[in-house]
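Student: Could you take me through this chain and then give me a close look at the place where two of its helices meet?

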Amino acid sequence: MQLYNTLSAEERAIMIDDAGKQRLTLSFYAYAQISNPTQFRNDLFLAWDPLGVLGRIYVAHEGINAQLSLPADNFYAFKDTVEAYDFMKDMRLNIAVEHDDHSFLKLTVKVRDKIVADGLNDDTFDVTNIGIHLKAKEFNEILENPNTIVVDFRNHYESEIGYFKGAITPDVDTFRESLPIINEQLQDFKEDKNLVMYCTGGIRCEKASAYFKHQGFKNVFQLEGGIINYAKQIKEEGLESKFIGKNFVFDHRLGERITDDIVSQCHQCGEPCDVHTNCVNEGCHLLFIQCDSCKEKMHGCCSPECVEIIHLPEEEQKAIRRGIKNGNKIFKKGKSDVLTFKNNHDPLANVPNLSELIKSKPLVKKEPKIKKQYIGQGTHFFPKPSIAQFLIEENEINIGDTILIKGSTTGEQKLVIDKMFVNDIESEKAVSGDVVTFKVPFRIRLSDKIYKILE
C-alpha cells in the first residue's frame with residue numbers, strides 16, 4: 001500500500017509534460033471534528049494518488065486545508081472522493097484564475113496539530129461560530145460604508161504585492177501574530193464598527209472571524225472564498241475590482257494577477273515590480289521581489305555573497321548548505337538586511353564579475369574519462385530499506401562489478417555490487433530483460449541510468 005511519493009519533482013514534471021493534459025489548480029478548506037486525522041490522511045492519499053492529484057494538504061482534528069492540482073479530466077472523480085465525507089459535501093472549490101501545469105509536483109498530505117496555526121489555547125473558543133460571509137458584490141458595497149474597518153489577515157509578503165484599497169495590512173510574518181495585534185488596536189470599536197476581513201482563500205478569515213466574535217466584536221464579516229473567489233466573481237459579474245495588484249499564492253507561480261496595478265517595488269533597486277522569486281542559492285532560498293534587470297545582474301541572487309556561492313563547485317556549495325535550516329526565514333523578504341533597496345545601498349556595487357570570479361578559482365584537474373557500458377534504467381526505489389530496482393535492457397552485470405548510477409538529480413554514484421536479487425531471487429548474474437534489485441546508500445530516480453564500469 002503506497003502512502004507516499006516515489007517520484008522526484010523532476011520526474012513528475014516530465015510525466016506531466018508527456019501526458020499532455022490540462023491541469024486545474026484549486027484550493028479548499030473545511031473546519032470539522034476529525035477523530036482520527038492519520039487514518040483520514042491515509043484514505044485521502046489512496047483516493048487521490050491514482051487520480052494524478054498533486055499538492056500540499058494539511059489535516060488535523062479541526063479539519064482540512066488543501067492547495068492542489070489535478071488533470072481537468074479527473075475533476076468530477078476527484079469531487080466524488082471529497083463529497084464522500086459529509087462535512088465536505090457542497091463545499092466550495094476555489095479554482096485558480098491562472099493555471100500552471102507545474103504549480104505542484106508532489107502529493108504531500110500531512111497531519112498537523114491545526115490546519116491554521118493560531119497560537120490560541122482556549123477551550124471555550126468555538127471555531128465554527130463565524131462571521132457573516134460576503135460575496136464580491138456585497139463586499140464591494142460594505143467597503144464603501146464609512147463605518148467599515150477592513151483588515152487583511154495575510155502576511156506582509158502577501159499584502160505587499162496586492163490588497164484591497166483602504167485595508168489595514170499588519171506587518172507580520174505569520175497569521176498567529178496578527179490576531180492579538182488587531183484585537184488590541186480595535187478594542188474601542190467592538191460595538192459600532194463593521195469589522196470586515198479577507199485572506200487568500202478564506203480559511204484564515206474563517207478562524208479570525210470566529211476569534212473576534214469570541215472577543216466580543218458585534219458586527220463581523222468575511223469575504224467568502226477569499227481573494228481567489230472574489231477575482232472569479234468580479235470577472236463573471238463584470239464588477240469593479242476593489243482589490244489592486246496581485247494575489248500571492250503558495251505554489252510554483254507565487255502570484256495571480258488581479259489588476260494591472262503594480263503596488264510594490266524591487267527589493268534591490270526600488271523600481272516598480274511585483275514578481276516574487278527565491279534566491280538561486282539553495283542554501284539561502286530567500287523569498288523576495290526582483291526585477292528583470294536585477295535578476296540578470298545579480299544572477300537571480302539576493303546578495304553578492306550568494307552570487308559568489310552559486311559559482312563555487314557543487315561540492316563546495318553542498319558543504320556550505322550542510323546543516324542549514326531555512327525554515328520560515330525565507331518569507332522575511334522585506335526584512336532581510338541583504339535586500340539593498342531597504343538599506344539604500346547600490347545592489348550591484350559588490351557583485352563579483354563572473355569572468356573574474358571564474359579566473360580567481362584554482363583550476364580543477366580534469367578527471368580521466370570513465371569507460372562504461374550501458375546496462376539499463378531505474379524502475380523503482382523502496383525508501384525504507386533503501387533498495388533500488390532497475391530493468392536490465394542491454395548487456396549484463398555480475399556480483400563484484402563496479403557500477404555507475406547517473407541522473408540529473410542523483411548525480412554520478414559509483415558502487416560495487418556485493419549482493420543482488422534478480423527477478424526476486426538472489427543471484428550472481430543479471431542479463432537483458434531481468435529486473436534486478438540491490439541496496440544503495442542514496443535515493444535513485446526513475447530517470448536514472450545504470451552503467452557497468454569497464455577496466
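**A close look at a helix contact**

Tutor: Happy to! The chain has 13 helices and 24 strands; helices (H or I, at least four residues) and strands (E, at least two) are DSSP runs, numbered from the N terminus. This is a predicted model, in which local features need pLDDT of at least 70 and side-chain atom pairs count only at pLDDT 80 or more, while totals for chains, interfaces and linings use all residues. Residues are numbered from 1 along each chain as its sequence is written, and side-chain values use heavy atoms, with hydrogens and water left out.

Let's begin with confidence. The mean pLDDT (the predictor's confidence in each residue, from 0 to 100) is 85 for the chain, and 89% of its residues reach 70 or more. Among the elements, helix α4 (residues 136–143) has the highest mean pLDDT, 96, and helix α13 (residues 354–360) the lowest, 39. Over residues 344–367 the pLDDT is below 50, and beyond near neighbours in sequence this stretch has 21 contacts in the model; contact means heavy atoms within 4.5 Å.

Now to the part you asked for. The axes of α4 and helix α8 (residues 226–237) come within 9 Å and cross at roughly 100°. Here axes are lines fitted to C-alpha atoms, for helices over the stretch in contact, and angles run from 0 to 180 degrees between N-to-C directions. The crossing angle makes α4 roughly perpendicular to α8, a label for angles of 65 to 115 degrees (under 35 is roughly parallel, over 145 roughly antiparallel and the rest oblique). On the α4 side, the contact is made by Ala 136, Lys 137, Phe 139 and Asn 140, and on the α8 side by Tyr 230, Gln 233, Ile 234 and Glu 237. By class, that gives four nonpolar, two polar and two charged residues. Ala, Val, Leu, Ile, Met, Phe, Trp, Tyr, Cys and Pro count as nonpolar, Asp, Glu, Lys and Arg as charged, and the others, Gly among them, as polar.

For a view of the wider chain, 48% of its 455 residues count as buried, meaning under 20% relative accessible area (exposed is over 50%, partly exposed in between; 1.4 Å probe, protein chains only). One of the buried residues is Glu 62, with a relative accessible area of 14%, in the loop between β2 (54–60) and β3 (63–71). Not counting residues up to four places away in sequence, Glu 62 touches residues including Ala 30, Tyr 31 and Ile 115. Glu 62 and Ile 115 are 53 residues apart in sequence and 6.9 Å apart in space, C-alpha to C-alpha.
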